[in-house]
Structures are given as C-alpha cells and as structure tokens.
Amino acid sequence: MRTMEWESNVWEALKFSVTEMPVFVRKRALRKIIEASEGNARARKSDIVQGPDLVAAAREKVPESVQDMCFNALRDYGVQIQ
Amino acid sequence: MQNRYGSPVLVSFGITRECDLKCPHCYSDSGERDSNELSTDEAKQVIDEVADLGAKVIILDGGEPTLREDLVELVAHANDSGVKPVMGSNGMSLTEDLITRLLSAGCGGIAISLDGADPQTHDNFRGLEGAWERTVEGAKNCAKLGMPFQIAPLMYRDNWMQLEDIVKKAKNLGANAVEVFDYVQAGRGRGRSEYELGTNERKQIIDQIIRWQSEGDIIYRVVALPQYWVQVEREVPEDEMLEKYTRSCCAAGTRFITILPNGDVIPCMVLQVKLGNVREDSLKDIWYDSPILETLRNRDLLKGRCGRCKYRISCAGARCKAFEKTGDMMAEDPTCWLPDEVVLAE
C-alpha cells in the first residue's frame, strides 16, 4: 500500500492508531491516510514521509470521531502535533 | 491545546455495585448496592461530562447494570448527549422487554460475560446455579431482537481449556465479537492466585486467538494480556494485521478511564489507583491534569524489562498486574514471559 519510504516511528504510529479503529472502517481510512501523507511528502519534495505529513493527512482524512485516538498514538510515538 | 493529550475513546461507568452473582474474582467487589451510589441526576451529569470530554463510547456496567432501575433512562441520556452507550452485563436479566427498551433508548451493544461452555463451569465460578442458562437466554434474546452483542469470557485456571468451545458457543448464539479477559488479582480477586493462569496457558490462548482471527469470521479482542499484541506484531504479516486484528495494549488512562458507582475515578477497572471523584472534581480536569495519568501515559517512565522493551508503546505491559504485584503501576509486568532476546531494545 505504501509507495514511499516512511520514518519508522511515523509508520509505527500509523499502524498503532489504525489497528485501534473498527475493522470495517480501517481499510479505507488507511488507504486515504497513506495517499494523503505521501502526497504531503511529495509536495515538499521529500522522498521520506515524516511526522508533519501524517499529522496533516490525519487532520484531513481521519473521521473526526477517531482523530483524537490517532493523535494520541502519534504523540505516544514521539510525533509532534503542531 | 494541540499538545494536550486527546480524548479517551472509551469510558467505563460502573453505575451500580449491586450484583446478583457471587463471583470470587470480581474486580469491582460487587454484591450489595453501595449506599453512596450516584443518584440518577448525578449519573446524568457524569454522562454529560463524558460526552463533553469527547469520548466516543460509554460502557455502562457495574456490578450488574440491569439491576439499576434507571438504566434505560441513563442509556437514553447518553445517546442524546452524543456518546454511544453500550453495556457490560451478566446477561441474566436481558429479557425481550428490556432489550426492546434498550434498543429504543439507543444502546449500541452489550458485552455478556460467559465463563464456561457448559453450565457447571460457569455456575460454579459465578456462584449461582442456573446462571449459565439465564445468560445464554439473554444472549439469544439479543440475537432475536437485533441487539449487537459480544461474549466476554474471563480466562482462569479452571476454564481456559474451554475457550474453543466458548467461542463456538458465541458464534452459534450470533455474537459479533469475543472479548477474552485474562484474570487479574484485583478487587475480590486480590490474593487469589489459585485462579491465575500460567505462562503456558496464556501462550496457548494467544496462539489460538491469532489463528482464529486469521480465519476471520468474528472479531477477537483481548484484555489484560497485552503480550497478545507483541505476538501479533511478530507473527502476523503486516497487511493482514492491519486488516483484521484489533490491538490490545494496556489502555488504562490513555484510551480508557473508569468511573465507579460512588464517583471515584480510576484509570481502568483493574488498575485501581484513585485519581479523584466526580462529586468533587471535573472529569475533564482529571483526564487532562492528573499527575498520575501523566505518569501512566509516559512509556519512557516504565521500569524494569518493560522500560527497556522495544514493544513498550504497543504493549506497555499490563499496568494492573504490575500495580497489584508491587504497588507501583510503572513496574515491569510480572507475568510477561517474552524472552529478553525478543523484547529488549538493543
């Protein structure tokens, strides 16, 4: 599903939050977050997806109802939430 | 604001200590109703605070929540407040009439405790002859009326070998999930080590659940046994893990918080460290400002093997077991069997 390299803690944080989501919403949510995160990395001309790329993607693509869950996971893995 | 820890996902609200069973392990030491129990108005205020905190789901449990006369009123209040109400119950009072009223009030599902594949095992542990039959009847009523339900067995020394049969029973009854609890020596179970599983039993349970989840016709969740998730991360291909498996790390105070019938707030029903009381403190203040929760959330403060473990975020050890064993909620999980070469960071 990934087409780019991800910083390992950022990918771990995403896995952590996605596996907490209900299984029936996961696949679609994961695809949308990955596409948006990689799009954000490309937009800043980077070959590696980093924390801010995922944070911005989560803000846009994660349903509001599970956003806090996702951001908590990012914090747990040391990703700064601006 | 942005750097503040986000809302809990789940809040467990024990609305009564009253229970019609006499389980020797009961983490909430339930039995008689507490004279200091929150009133209907107070309970509604708590529900409002839970909704205001941004939690997505409130679990009304106990004790046995169906013994509280205002249960349906509280379910409706939660639903109207925007937090999805679900319940944890022994299932014995789930009549068609009550389930119909709970559905109308917006109840999203019920976790039903079933500790045996046969009446004898369940009734012996639960302390009431005929309990199994009534619990199974309650589950059948849920299935008949379209109330989503899961079967929640507690695994202990005398029933762990029945897990496969309990799962079969759950599927036959129409459950949409099985939530397996590992026995924790808390509440009335404190000091009752004779019920606790050993490493081999825990490993076998985890191996079975990983295999069954891969086959995938029902959702499995595991509580108080976070090593399950380490095993999933190590053994299950990443794509399959992301698609099918539900994470089970210690969520006490990070995704989850518990309110007791007298208003006391603790990180989790089995991590019984008092954080405050909703009669004196706002739930929001407790969630965001409790120094105990701040410590609990900082996985870098974990001690012993848990502190050096490379899975310390995704597993975190069972904080309840560490606390019950040592009095220190950040101590290493005393039941972790994973070898150093697997878990210790280089």
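**Exercise 1. Work out what percentage of chain A's 82 residues count as buried in this predicted model, and how the chain's size fits with that length.**

Step 1. Start with burial: 52% of the 82 residues of chain A count as buried. The cut-off here is a relative accessible area under 20%.

Step 2. Now check the size. A compact globule of 82 residues would have a radius of gyration near 12 Å, and chain A comes out at 11 Å, so the two agree.

Step 3. Picture the box: along the principal axes, the C-alpha atoms of chain A fill roughly 35 × 25 × 20 Å.

Step 4. Finish with the outside. Chain A has an accessible surface of about 4,000 Å², and 50% of that belongs to carbon and sulfur atoms.

**Exercise 2. Trace the fold of chain A, then decide whether its helix H1 is largely enclosed or not.**

Step 1. Count the pieces: chain A has four helices and two strands. Going along the sequence, they come in the pattern β-α-α-β-α-α.

Step 2. Look at who touches whom. Take the contacts in chain A with a separation of 6 or more: 60% of them are between residues 24 or more positions apart.

Step 3. Zoom in on helix H1 of chain A, residues 8-18. Eight of its 11 residues are buried, so the helix is largely enclosed by the rest of the structure. Among those buried residues are A:Trp11, A:Leu14 and A:Phe16, but also A:Lys15 and A:Ser17.

Step 4. Ask what does the covering. From chain A, the cover includes strand E1 (5-6) and helices H2 (23-43), H3 (51-61) and H4 (64-76). Helix H9 (238-244) of chain B joins in too.

**Exercise 3. Do the same size check for chain B, with its 346 residues.**

Step 1. Count again: chain B holds 14 helices and 11 strands. Its radius of gyration is 19 Å, close to the 20 Å from the globule rule for 346 residues, so chain B is as compact as a globular protein of that length.

Step 2. Get the box and the burial. The C-alpha atoms of chain B fill roughly 60 × 45 × 40 Å along the principal axes, and 60% of the chain's residues are buried.

Step 3. Add the charges. Chain B carries 41 positive and 56 negative side chains, with the centres of the two sets 3 Å apart.

**Exercise 4. Find which two residues touch the most other members of the largest nonpolar core, and follow one of them.**

Step 1. The largest nonpolar core has 144 residues, and B:Phe13 and B:Leu102 touch the most other members.

Step 2. Follow B:Leu102. Skip its neighbours within four places in sequence, and its contacts include B:Leu71, B:Val75, B:Met87, B:Ile110 and B:Met147.

**Exercise 5. Place B:Thr254 and B:Glu42, and say whether each is buried or partly exposed.**

Step 1. B:Thr254 sits in the loop between H9 and strand E9 (256-259) of chain B. Its relative accessible area is 1%, so B:Thr254 is buried.

Step 2. Leaving out residues up to four places away in sequence, B:Thr254 touches B:Tyr5, B:Trp287, B:Arg297 and B:Arg299, plus A:Asn72.

Step 3. B:Glu42 belongs to helix H1 (residues 40-53) of chain B. With a relative accessible area of 26%, B:Glu42 is partly exposed.

Step 4. With the same kind of neighbours left out, B:Glu42 touches B:Glu37 and B:Arg279. Its C-alpha atom is 9.0 Å from that of B:Val278, though their positions lie 236 residues apart along the chain.

Definitions and conventions
Residues are numbered from 1 along each chain as its sequence is written. Chains are lettered from A and ligands numbered from 1 in the order in which they are written. This is a predicted model: local features need pLDDT of at least 70, side-chain atom pairs count only at pLDDT 80 or more; totals for chains, interfaces and linings use all residues. Side-chain values use heavy atoms; hydrogens and water are left out. The radius of gyration is taken over C-alpha atoms; the globule rule is 2.2 Å times the number of residues to the power 0.38. Buried means under 20% relative accessible area, exposed over 50%, partly exposed in between (1.4 Å probe, protein chains only). Contact means heavy atoms within 4.5 Å. Accessible areas come from the Shrake-Rupley method with a 1.4 Å probe; for residues, only the protein chains shown count as cover. A nonpolar core is a set of buried Ala, Val, Leu, Ile, Met, Phe, Trp, Tyr and Cys residues joined through side-chain atoms within 4.5 Å. Lys and Arg count as positive and Asp and Glu as negative; His and the chain ends are not counted. The place of a charge is taken as NZ of Lys, CZ of Arg, CG of Asp or CD of Glu.
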